[in-house]
Amino acid sequence: MAELLSERIRRNAAELKLPALAEHLDELIARAEEAQMGYRELVDLVLEEEVGVLEGRRYASRLKLSGLPHHKTFDDFELAFQPELDPRRVAELRSLRFLERRAGVLLLGPPGVGKTHLAVALAMEALRAGYLCRYVTLDELVRDLRRADQLGSLRTKLSHYQRPHLLIVDELGYLPLEREDANRVFQLVNRRYERASTVVTSNKSVSEWTGLFGDEALAAAILDRLLHEAEVLTINGPSWRLRGRLEDLQGGDASGS
């Protein structure tokens, strides 16, 4: 009798799309019996398990749609390697209060110092907190907007990039933009201004951005919106990638001596 009842519970749970109950019925019953739970406590336990499964699926979906190049977190970032980087400012970013304020973040510094790592770590924190995130390099963004404009679907594409709570635009500064491309980037920045947060990484100081956008007025308009109430972190430490390369070379020298 108990076996038939369990099978019916599993069948109904699967029909109602309650995977935790369908897959872990015996385990949940054992936990309830061991803790001598009442009816309400048992129902609460089952619902908590189902919410956990649902949120896990939602998180996996948000992570997949984010387009992140890797899944490095703050725990993977060695603050001691960048002694000029104030841990309190990093902790403030990690709190995600800038997302609540819909403010931007600028991560500046030479190549290899960890700008992309920090940007991705922010996205990982935001994804876990339930925010929608999207990662794109500036080059990819420019090409995507240009193609959409040519196809007559720029407004739709701008809406696509406006939607995430957090948009990461990586690698600004490697190539200057044509005025038309800069104008499309401005349209996106303007749409997101005070509505959602944008993180920008760049190997150029803010004072050098005018030359990147091909037009002084456009550059000023973009900067005005990105810098308003933004968190700006400049990292002037050594390169992570160079450190790894030097360690490899030193290891090779040691093994060959």
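Q: What covers the buried residues of α3?
A: In this predicted model, the cover over the buried residues of α3 includes α1 (2-15), α2 (19-23) and α4 (39-66).

Q: And which residues of α3 are the buried ones?
A: Helix α3 runs over residues 25-34, and its buried residues are Leu25, Leu28 and Ala32. Around the helix axis they cover an arc of only 70°, which puts them on the same side of α3.

Q: Why would residues with that sort of spacing point the same way?
A: An α-helix has 3.6 residues a turn, so residues three or four places apart point the same way.

Q: What is exposed on the other side of α3?
A: Glu33 and Glu34 are exposed there, on the side of α3 away from the buried residues. Just after α3 comes Gln36, which takes a positive phi of about 50°.

Q: Which residues other than glycine also have a positive phi?
A: Among them are Glu171, with a positive phi of about 65° although it is not a glycine, and Glu194, whose phi is near 65°. As background, most residues other than glycine have a negative phi.

Q: Where do Glu171 and Glu194 sit?
A: Glu171 lies in strand β3, whereas Glu194 is found in the loop between α10 and β4.

Q: Is Glu171 buried, exposed or partly exposed?
A: Glu171 is partly exposed, because its relative accessible area is 42%, and the partly exposed class lies between the 20% and 50% limits.

Q: Switching to α9, which of its residues are buried?
A: In helix α9, residues 154-162, the buried residues are Leu154, Leu158 and Tyr161. Seen down the axis of α9, these buried residues fall within an arc of 65°, so they line one face of the helix. On the other side of α9, Arg155 and Thr156 are exposed.

Q: What covers the buried face of α9?
A: The cover over the buried residues of α9 includes two strands, β2 (133-137) and β3 (166-172), together with the helices α8 (138-150) and α10 (179-192).

Q: Since α10 came up, where is Ala182 and what does it touch?
A: Ala182 is placed in helix α10, and, leaving aside residues up to four places away in sequence, Ala182 touches Leu177, Phe213, Leu218 and Ile222. At 0% relative accessibility, Ala182 counts as buried.

Q: How far is Ala182 from Val142?
A: The C-alpha atoms of Ala182 and Val142 are 8.1 Å apart in space, although the two residues are 40 residues apart in sequence.

Q: How many cavities turn up in the whole structure?
A: A search of the whole structure finds one cavity of 30 Å³ or more, and the volume of the largest cavity is about 110 Å³.

Q: What lines that largest cavity?
A: The lining of the largest cavity is made up of 14 residues, and those that lie nearest its centre are Val169, Val185, Val189, Val200 and Leu226. The elements that give two or more residues to this lining are α8, β3, α10, β4 (197-202) and α11 (216-227).

Q: Which element gives the largest share of the lining?
A: Helix α10 gives the largest share of the lining of the largest cavity, with four residues.

Q: Where does Asp215 go, and is it buried or exposed?
A: Asp215 is placed in the loop between β4 and α11, and at 18% relative accessibility Asp215 counts as buried, because buried means under 20% relative accessible area.

Q: What does Asp215 touch?
A: Not counting residues up to four places away in sequence, Asp215 touches Arg179 and Thr210. The C-alpha atoms of Asp215 and Asn183 are separated by 9.3 Å, with the two residues 32 residues apart along the chain.

Q: And Ser239, where is that one?
A: Ser239 is in the loop between β5 (231-234) and α12 (240-256). At 18% relative accessibility, Ser239 counts as buried, and, not counting residues up to four places away in sequence, Ser239 touches Phe81, Pro111 and Gly112.

Q: Last topic, rings: how many aromatic pairs are there in the whole structure?
A: A search of the whole structure finds one aromatic pair.

Q: What lies over the face of Tyr193?
A: Arg225 lies over the face of Tyr193, at 6.0 Å from the ring centre.

Conventions: Residues numbered from 1 in each chain as written. Predicted model: local features only at pLDDT ≥ 70, side-chain atom pairs only at ≥ 80, totals over all residues. Heavy atoms only, no water. Buried < 20%, exposed > 50% of the residue type's maximum accessible area, 1.4 Å probe, protein only. Arc of directions from axis to C-beta. Contact = heavy atoms within 4.5 Å. Phe/Tyr/Trp six-rings, centres within 6.5 Å; stacked < 30°, edge-to-face > 60°. Lys NZ or Arg CZ within 6 Å of the ring centre and 35° of its normal. 1 Å grid on protein atoms, 1.4 Å probe; cavity = no way out; pocket = protein on both sides within 12 Å on 5 of 7 lines; lining within 4 Å. Points joined across faces, edges and corners; volume = space filled by probe spheres on them.
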